[in-house]
Amino acid sequence: MSGHSKWATIKRQKAATDAKRGQAFTKLGREITIAARDGPDPNSNFRLRLAIARARDANMPADNIQRAIKRASGSAAGESIEELVYEGYGPGGAALYIEVVTDNRNRTSAAVRNVVQSAGGSLGESGSVTWLFEPRGMVTVEVGDNDPDDVAMIAIDAEADDVESVDGTVEVQCTPGRLESVRSAFESEQLKVISSERSLSPKSSISLDRQTTHQVMRLVENLEELDDVRNVHTNIDLTQEMVESYRG
């Protein structure tokens, strides 16, 4: 899962900047609102519990979280929000699976299409790239002063499928159904969970040259800078050399 881990590391570092914090809170709030439609009690609504955990991981204020929950029940003023997915291909034939949460379908569609086409890509029909990905649970834990191997063993004992040490963290993949138990296993050992989410992992990756890989990375960043885009998944293979050259 090395490509996914390196990509997740880049996005996490980018999202940590203060300039992105307001936008991150907006996206997290919408995610909480969508999840709360299945019930406002996180004890009986796993998706809401996970969304709240992600918001807390990002240091989102408790008042913001409560407002987002109330918005779902209509007890707070707010827009009508819906979830959508756009699929297509970017430079070099890289698959794009774009998840959005929006209050204006036409605005979002136009914005996403413009960014993709400006990068030389194109959007396709529903299902055009879905088959290239599989749902996974993703958990990232801060190693701190602990032995990375000991941290990895906690994940393995919790029946995680794949574990990798990346830049002072341990990145874990598991089945979506094991996500909560894997996170709980780390928390019970007093380890800091940086993020935990349901995600998509490519069944296989494609290798592109440096220039094309950088074009895809820039495209994904530009898409995720749109307020309505929640997440973008792609199937490019990211080597450490590619990551370092992009940062440079």
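Here are two short exercises on the structure above, each with a worked solution.

This is a predicted model, where local features need pLDDT of at least 70, side-chain atom pairs count only at pLDDT 80 or more, and totals for chains, interfaces and linings use all residues. Residues are numbered from 1 along each chain as its sequence is written, and side-chain values use heavy atoms, with hydrogens and water left out.

**Exercise 1.** Work out whether the length of helix 3 agrees with its number of residues.

*Solution.*
- Step 1: helix 3 covers residues 46–57, which is 12 residues. (Helices are DSSP runs of H or I, at least four residues, numbered from the N terminus.)
- Step 2: the expected span is 1.5 Å times one less than the number of residues, so we should get 16 Å.
- Step 3: the end C-alpha atoms sit 16 Å apart, which agrees.
- Step 4: look at what comes next, and you'll meet N59, with a positive phi near 65 degrees.

**Exercise 2.** Find out what surrounds the side chain of E87.

*Solution.*
- Step 1: locate E87 in strand 1, residues 82–89. (Strands are DSSP runs of E, at least two residues.)
- Step 2: E87 is buried, meaning under 20% relative accessible area with a 1.4 Å probe, protein chains only.
- Step 3: hunt for an opposite charge (Lys and Arg count as positive, Asp and Glu as negative; His and the chain ends are not counted). The nearest such side chain, K203, is 11 Å away.
- Step 4: now try backbone nitrogens. A polar atom of the E87 side chain lies 3.1 Å from that of S128 and 2.8 Å from that of V129.

Terms used
Buried means under 20% relative accessible area, exposed over 50%, partly exposed in between (1.4 Å probe, protein chains only). A salt bridge is a side-chain nitrogen of Lys or Arg within 4 Å of a carboxyl oxygen of Asp or Glu. A polar contact is a pair of N or O atoms within 3.5 Å; within protein, one must be able to donate a hydrogen and the other to accept it, and residues adjacent in sequence count only if both atoms are side-chain atoms. Contact means heavy atoms within 4.5 Å. Lists of a residue's contacts leave out its neighbours within four places in sequence.
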